[in-house]
Amino acid sequence: MRNLRIGIVGAGTGGLAAAAFLARDGHEVHLLERFAEARPVGAGLLLQPTGLACLAQLGLDARARSLGAVIHDLEGRTVGGRRVLAMDYRRLQPHLFGLGIHRGSLFALLHDEVARLGVPITTGVEAVRVEPHARQRTVVIDKLGRHHGPYDFVMDASGMRSPLRRTLGGRIRDRQFKYGAIWAALPITDGWPHRATLMQRYDGAPVMIGVLPIGRLPEDPTPRCAFFWSVRVDQREAWMAAGLDAWKTRVATLWPAIAPILDGVRASGDLSFVSYADVVVEQPYCPDLSLAVIGDGAHGTSPQLGQGANLALMDAMTLAGALSREDTIEAALGEYQAARRRHVAFYQLASRWLTPFFQSDSRVLGLVRDATFGLASMVPFAEGQMLRTLAGIKTGPFSELDPGDWSERYATRSRRLTTLPASSSS
Ligand SMILES: Cc1cc2nc3c(=O)[nH]c(=O)nc-3n(C[C@H](O)[C@H](O)[C@H](O)COP(=O)(O)OP(=O)(O)OC[C@H]3O[C@@H](n4cnc5c(N)ncnc54)[C@H](O)[C@@H]3O)c2cc1C
């Protein structure tokens, strides 16, 4: 199909990427965003080879690479120094890497591309529902009762707390995880040697500290890292009441090497709290309403496996491709679900299963993790499966994405990328 009029709700990772893919295919796209100004929320994230393949498809990978930090490996240890996780992308394929990126940088490169393609973004629109309109079209209705559209197709990319997914019918699971996280994007201090490693420290399952290099913001050359600290959702107030200095002293006692980075936290306003939910929808689309949900709205997970933004990018690329290839919206929706179902289901299950080992009250799960994960990664088969899971390519216990869906695009571009100087842009 060509020249569809498409409304996208939410100008986050998935919505902006979908807008770029669809506008390139010649559709008339309109983004609706609840914030008064479209902006990123949160500190930074890890793009996997799958997400990077989507950016490569949009021609944005070189700019992403120039802003982000190449991540070769992940190292997790207990606060006592015992190795729990050691995963190096290069052991899967020599050219593979992850990319730590500031959310502001990912947002800027997608937003600039959408602006370049002439996609209008209407801000201050908090969508609450969709309704059918004449001639199989759909309108989006916002909190103030205003109607937007009509559209031939509506894509809901409004994230974890999507108000539109209830329109889908079918069973919907939406369970808040017990733990959330405190996040900040802090300057990386000169003495921090782990410039290409996601470092984590654990004390049982209740304590997890992480440092992920995320490169720089477009307007600011300071190299930064995303710092995170687990907090139980119901203890957030108590955490705040205990005071910043006491907390900084505790973190630095658990992980002394991190103290200089923590000095970057001057006030509690430098930190943000996020919670997350386990979201499963039975069918991520409704043909009668010409509506589909992508990203966290369809499959929210905990960030433990670092996949959410990558899944949203894959959804955006797949659904945009299906809409352009198929002759009817119904056929495109069927193709979208068939293509994404197993990949998404694997990561939902893996995230639900693994999160309690890293973020829960259970001392036992922490002990089991410390005793077994390190050993498992020494067994070549188990290491291969763990790396495939990290890289974002698994679709089942013994299956993975077709390399044509990610590797070929990614490999072709990333080989070229390795020859680019760090400051270049596309
Ligand atoms: C602490 C933390 C760390 C993470 N780390 C990683 C990581 O390392 N790697 C990774 O891949 N993922 C990570 N994630 C997950 C990732 O951030 C999300 O999966 C991803 O942003 C989902 O993209 P999305 O487009 O579905 O939603 P979002 O990026 O959340 O975008 C939703 C957009 O919709 C807008 N919106 C919401 N409601 C409405 C409405 N009613 N009307 C109009 N607009 C609306 C919002 O303002 C927002 O702009 C992490 C998440 C958290 C919380």
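The exercises below work through a predicted model, each with a solution in steps.

**Exercise 1. Confidence**

Task: Find what pLDDT the chain averages, and where pLDDT stays under 50.

Solution:
- Step 1. Take the chain as a whole. Its average pLDDT is 92. A score of at least 70 is reached by 96% of the residues.
- Step 2. Look for the weak stretch. Over residues 416-426, pLDDT stays under 50.
- Step 3. Check the contacts there. For residues 416-426 the model has 14 contacts beyond four places in sequence.
- Step 4. Decide how to read such a stretch. Predicted coordinates should not be read in detail where pLDDT is low.

**Exercise 2. Helix α2**

Task: Determine how many residues of helix α2 are buried, and what follows the helix.

Solution:
- Step 1. Set the limits. Helix α2 covers residues 49-57.
- Step 2. Apply the cut-off: buried means under 20% relative accessible area. The buried residues of α2 are Pro-49, Thr-50, Gly-51, Leu-52, Ala-53, Cys-54, Leu-55 and Ala-56.
- Step 3. Conclude. Since 8 of its 9 residues are buried, α2 is largely enclosed by the rest of the structure.
- Step 4. Move past the helix. Gly-59 follows α2 and has a positive phi, near 75 degrees.

**Exercise 3. Nonpolar cores**

Task: Identify which residues touch the most other members of the largest nonpolar core.

Solution:
- Step 1. Size the core. The largest nonpolar core holds 95 residues.
- Step 2. Pick its best-connected members. Ile-8 and Leu-323 touch the most other members.
- Step 3. List the residues around Ile-8, leaving out those up to four places away in sequence. Ile-8 touches Gly-15, Ala-18, Ala-19, Leu-22, Val-29, His-30, Leu-31, Leu-32, Met-155 and Ala-157.
- Step 4. Look beyond this core. Another core of 25 residues lies apart from it, and includes Cys-225, Trp-229, Trp-239 and Val-251.

**Exercise 4. Asp-156**

Task: Is Asp-156 buried or exposed, and which residues is Asp-156 in contact with?

Solution:
- Step 1. Place the residue. Asp-156 is in strand β12, residues 153-156.
- Step 2. Use the accessibility. Asp-156 has a relative accessible area of 0%, so this residue is buried.
- Step 3. Collect the contacts, setting aside neighbours within four places in sequence. Asp-156 is in contact with Val-9, Ser-162, Leu-164, Arg-165, Leu-291, Ala-292, Val-293 and Ile-294.
- Step 4. Test a remote residue. Arg-409 is 253 residues from Asp-156 in sequence and 26 Å away in space, C-alpha to C-alpha.

**Exercise 5. Backbone geometry**

Task: Say where a cis peptide bond occurs, and where Asn-3 and Gln-136, each with a positive phi, are found.

Solution:
- Step 1. Check omega. The peptide bond from Gly-149 to Pro-150 is cis, with omega near 5 degrees. Pro-150 belongs to strand β11, residues 147-151.
- Step 2. Check phi at Asn-3. Its phi is positive, about 55 degrees, although Asn-3 is not a glycine. Asn-3 is in the segment before β1 (5-9). With a relative accessible area of 61%, Asn-3 is exposed.
- Step 3. Repeat for Gln-136. This residue is not a glycine either, and its phi is positive, about 55 degrees. Gln-136 lies in the loop between β9 (127-133) and β10 (137-142). At 73% relative accessibility, Gln-136 is exposed.

**Exercise 6. Salt bridges**

Task: Work out how many salt bridges the whole structure has, and which residues are linked with Arg-232 in a network.

Solution:
- Step 1. Recall the principle. Side chains of opposite charge can pair when their charged atoms come close.
- Step 2. Count. The whole structure has 23 salt bridges.
- Step 3. Take Asp-142 and Arg-146. Their salt bridge spans 2.7 Å, N to O. Asp-142 is buried at 2% relative accessible area, whereas Arg-146 is partly exposed at 37%.
- Step 4. Take Arg-232 and Asp-234. The closest N and O atoms of this salt bridge are 2.6 Å apart. Arg-232 counts as buried at 18% relative accessibility. Asp-234 is exposed, with 55%.
- Step 5. Extend the pair. Salt bridges link Lys-178, Arg-232, Asp-234 and Asp-361 in a network.

**Exercise 7. Surface patch**

Task: Name which residues make a nonpolar surface patch of about 380 Å².

Solution:
- Step 1. Name the members. Val-379, Phe-381 and Phe-398 make this patch.
- Step 2. Locate one of them. Phe-381 is in helix α12, residues 380-391.
- Step 3. Classify that residue. The cut-off for exposed is over 50%. Phe-381 has 52% relative accessibility and therefore counts as exposed.

How values were computed
Residues numbered from 1 in each chain as written. Predicted model: local features only at pLDDT ≥ 70, side-chain atom pairs only at ≥ 80, totals over all residues. Heavy atoms only, no water. pLDDT = per-residue confidence, 0-100. Contact = heavy atoms within 4.5 Å. Patch = residues over 30% accessible without salt bridge, like charges linked within 9 Å, V, L, I, M, F, W, Y side chains within 5 Å. Areas by Shrake-Rupley, 256 points an atom, 1.4 Å probe, with all protein chains shown as cover. Salt bridge = Lys/Arg side-chain N within 4 Å of Asp/Glu carboxyl O. Helix = DSSP H or I, 4+ residues; strand = E, 2+ residues; numbered from the N terminus. Buried < 20%, exposed > 50% of the residue type's maximum accessible area, 1.4 Å probe, protein only. Core = buried A, V, L, I, M, F, W, Y, C linked by side-chain atoms within 4.5 Å.
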